[in-house]
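Please follow this walk through a predicted model, which begins with a single loop residue and then turns to the strands, the core and the surroundings of the ligand.

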Amino acid sequence: MSQEKEMSQEQANIVMYCTQFCPYCVRAKSLLNSKSVKFTEIDIDADPSKYSEMVGKSGGITSVPQIFIDDEHIGGCDDLYATEAAGRLDGLLFK
Ligand SMILES: N[C@@H](CCC(=O)N[C@@H](CS)C(=O)NCC(=O)O)C(=O)O
């Protein structure tokens, strides 16, 4: 998708549960940043109550990152990159 088309479209609500020193989180953020989208980071170390929220919303997965796009559970970093490789990410990020 061209940069112009991305800019003209509304972006989805993106939430990433993460920790500060997690290489998978850094990698996932890097892909989202390359798409020039804004996303909300929830640092589960800074607010431990968010850990159980993340595990609950992720169906029991305990690893970070866990990524949600418009409340759809995408999964972790590998899942985000797999979604991109499958050509599905832009369609989820931009409505
Ligand atoms: N395949 C996962 C790996 C994520 C991962 O291993 N994250 C580590 C931190 S860097 C973690 O949360 N480990 C604790 C756990 O698995 O409960 C992904 O792509 O997101």
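Ser 36 sits in the loop between α2 and β2, and although it is not a glycine, its phi is positive, at about 55 degrees. Because only 12 or fewer C-beta atoms within 10 Å make a residue exposed, Ser 36, with 11 other C-beta atoms within that distance, counts as exposed. A positive phi, of about 70 degrees, also occurs at Asp 71, again a residue that is not a glycine. Asp 71 belongs to the loop between β3 and β4, the latter covering residues 72-75, and with 9 C-beta neighbours inside 10 Å it is likewise exposed.

The loop that holds Ser 36 connects α2 to β2, and these two elements, together with β1, form a right-handed β-α-β unit. Within this unit β1 and β2 (residues 40-43) run parallel and are joined by 4 bridges, one of which can be located from Met 16, whose bridge partner in β2 is Glu 41. β1 also pairs with β3, here in the antiparallel sense and over 4 bridges, and in this pairing Tyr 17 has Gln 66 of β3 as its bridge partner.

How many of the 5 residues of β1 are buried? The count is 4, so β1 is largely enclosed by the rest of the structure. β1 also gives the most to the largest nonpolar core, with 4 residues. That core has 19 residues, of which Met 16, Tyr 17, Ala 28 and Ile 67 touch the most other members, and at least two residues each come from β1 (14-18), α2 (23-34), β3 (66-69), α4 (77-85) and α5 (89-93). Apart from its neighbours within four places in sequence, Tyr 17 is in contact with Ile 42, Ile 44, Lys 50, Met 54, Val 64, Pro 65 and Gln 66.

Two of these contacts, Val 64 and Pro 65, are joined to each other by a cis peptide bond, with omega about 0 degrees. Pro 65 lies in the loop between α3 (49-57) and β3, and Val 64 and Pro 65 are both among the residues around the ligand, which also include Thr 62 and Ser 63. The rest of that shell consists of Cys 22, Pro 23, Tyr 24, Gly 76, Cys 77 and Asp 78, with α2 and α4 each supplying at least two of its residues. By character, the shell around the ligand divides into 6 nonpolar residues, 3 polar and 1 charged.

Technical notes: Residues numbered from 1 in each chain as written. Predicted model: local features only at pLDDT ≥ 70, side-chain atom pairs only at ≥ 80, totals over all residues. Core = buried A, V, L, I, M, F, W, Y, C linked by C-beta atoms within 7 Å. Buried ≥ 20, exposed ≤ 12 C-beta atoms within 10 Å, placed from the backbone. Contact = placed C-beta atoms within 7 Å. Pairing = 2+ DSSP bridges. Right-handed = clockwise from strand over helix to strand, strands pointing away. Near = placed C-beta within 6 Å. Nonpolar A, V, L, I, M, F, W, Y, C, P; charged D, E, K, R; others polar.
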